[in-house]
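Work through the exercises below with the sequence and the model side by side. Try each task before reading its solution.

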Amino acid sequence: MDDEDVTLHLHLAQQPEADELLGRSPLAALVGMLLDQQVPMEWAFAGPYTIARRLNASDLDAHEIAAYDPEKFAALLSAKPAVHRYPGSMAKRIQQLCQYLVDHYDGDATALWRDAATGEELLKRLNDLPGFGRQKAQIFLALLGKQLGVRPKGWREAAGDYGAPKAYRSVADITGPDSLQKVRAHKQELKAAAKAAKPPKPA
């Protein structure tokens with residue numbers, strides 16, 4: 001553990017009610033991270049609050065979601081406004097994630113990190129989650145360490161570049177509008193560099 005301040009008040013959805021849920025619900029934060037692809041970050045991290053509201057619940061429950069009828073759950077995510085650009089496939093992934101948590105952690109997302117002795121151990125657990133590749137696992141590990149006070153030994157090193165202080169590379173560094181703009185600028189730089197590195201198409 002280090003002596004950094006712990007945020008607990010996340011600002012990823014940029015909506016007070018949605019961010020409040022992310023700050024108090026580890027499963028909501030995991031689902032938001034899962035949704036964070038191919039859509040704007042705010043859209044992705046508002047998703048857990050939308051899902052909870054449509055389930056008439058104050059929080060997400062892994063057991064409930066895993067047992068939900070797949071077609072009905074997909075319809076729940078597809079209702080306007082849709083939770084994601086690809087609500088059907090994301091509904092399936094969320095149910096797979098929740099089923100994994102039920103099977104391995106009795107549905108308790110905090111059990112993923114509660115007894116993780118090292119950052120590498122926690123990274124492996126996150127990487128094993130359905131829908132979480134290494135990059136997503138590292139970003140979520142950095143988010144846990146920087147904003148939620150989960151800091152097993154070597155967490156920064158395990159999180160790679162995302163674990164560095166004030167890296168502004170991912171959602172792990174977003175604490176408000178200013179840092180959001182810095183992360184967006186970094187991602188635009190990466191896109192521009194990738195585009196510039198592509199060989200020209202043959203004439």
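The exercises cover helix packing, the nonpolar core and a few single residues in this predicted model.

**Exercise 1. Classify the packing of α5 on α6.**

Solution.
- Start with the geometry. The axes of α5 (residues 70-78) and α6 (residues 87-105) come within 8 Å and cross at roughly 125°.
- Apply the cut-offs. Roughly perpendicular runs from 65 to 115 degrees, and roughly antiparallel needs over 145. The pair is therefore oblique.
- Add the hand. The crossing of α5 past α6 is right-handed.
- List the contact. From α5 come Pro70, Phe73, Ala74, Leu77 and Ser78; from α6 come Pro87, Gly88, Met90, Ala91, Ile94 and Gln95.
- Sort these residues by class. The contact of α5 with α6 holds eight nonpolar residues, three polar and no charged.

**Exercise 2. Describe how α2 and α6 pack, by angle and by axis distance.**

Solution.
- Recall the convention. Two packed helices are described by the angle between their axes and the distance between the axes.
- Fill in the values. The angle between α2 and α6 is about 140°, and their axes are 10 Å apart.
- Name the class. Roughly antiparallel needs an angle over 145 degrees. α2 and α6 are therefore oblique to each other.
- Give the hand. α2 makes a right-handed crossing with α6.
- Read off the residues. α2 supplies Leu27, Leu30, Val31, Leu34 and Leu35, while α6 supplies Met90, Arg93, Ile94, Leu97, Cys98 and Leu101.
- Sort by class. The contact of α2 with α6 counts 10 nonpolar residues, no polar and one charged.

**Exercise 3. Which members of the largest nonpolar core touch the most other members?**

Solution.
- Size the core. It has 67 residues.
- Pick out the best-connected members. They are Leu30, Ile51, Ile94, Leu101, Leu126 and Phe140.
- Cross-check with the helix contacts. Leu30 and Ile94 both take part in the contact of α2 with α6, as does Leu101. Ile94 also belongs to the contact of α5 with α6.
- Follow Leu101 outward. Beyond four places in sequence, Leu101 contacts Leu27, Leu30, Ala62, Asp106, Gly107, Asp108, Ala109, Leu112 and Leu129.
- Set this against the general pattern. In soluble globular proteins, nonpolar side chains tend to be buried together.

**Exercise 4. Which residues of α1 are buried, and what covers them?**

Solution.
- Locate the helix. α1 spans residues 16-24.
- Name its buried residues. They are Ala18, Asp19, Leu21, Leu22 and Gly23.
- Find the cover. It includes α2 (26-35) and α3 (41-54).

**Exercise 5. Are Glu120, Glu121 and His104 buried, exposed or partly exposed?**

Solution.
- Set the limits. Buried is under 20% relative accessible area, and exposed is over 50%.
- Take Glu120, in helix α8 (residues 119-127). Its relative accessibility is 46%, so Glu120 is partly exposed. Its C-alpha lies 8.7 Å from that of Lys153, 33 residues apart along the chain.
- Take Glu121, also in helix α8. At 30%, Glu121 is partly exposed. Outside its neighbours within four places, Glu121 contacts Asp115 and Ala116. The C-alpha atoms of Glu121 and Ala167 are 23 Å apart, with their positions 46 residues apart in the chain numbering.
- Take His104, in helix α6. At 48%, His104 is partly exposed. His104 and Gly32 are 72 residues apart in sequence and 20 Å apart from C-alpha to C-alpha.

Notes:
Residues numbered from 1 in each chain as written. Predicted model: local features only at pLDDT ≥ 70, side-chain atom pairs only at ≥ 80, totals over all residues. Heavy atoms only, no water. Buried < 20%, exposed > 50% of the residue type's maximum accessible area, 1.4 Å probe, protein only. Helix = DSSP H or I, 4+ residues; strand = E, 2+ residues; numbered from the N terminus. Contact = heavy atoms within 4.5 Å. Axes fitted to C-alpha atoms, helices over the stretch in contact; angles between N-to-C directions. Parallel < 35°, antiparallel > 145°, perpendicular 65-115°, else oblique. Left-handed = near helix turned anticlockwise from the far one by under 90°. Nonpolar A, V, L, I, M, F, W, Y, C, P; charged D, E, K, R; others polar. Core = buried A, V, L, I, M, F, W, Y, C linked by side-chain atoms within 4.5 Å.
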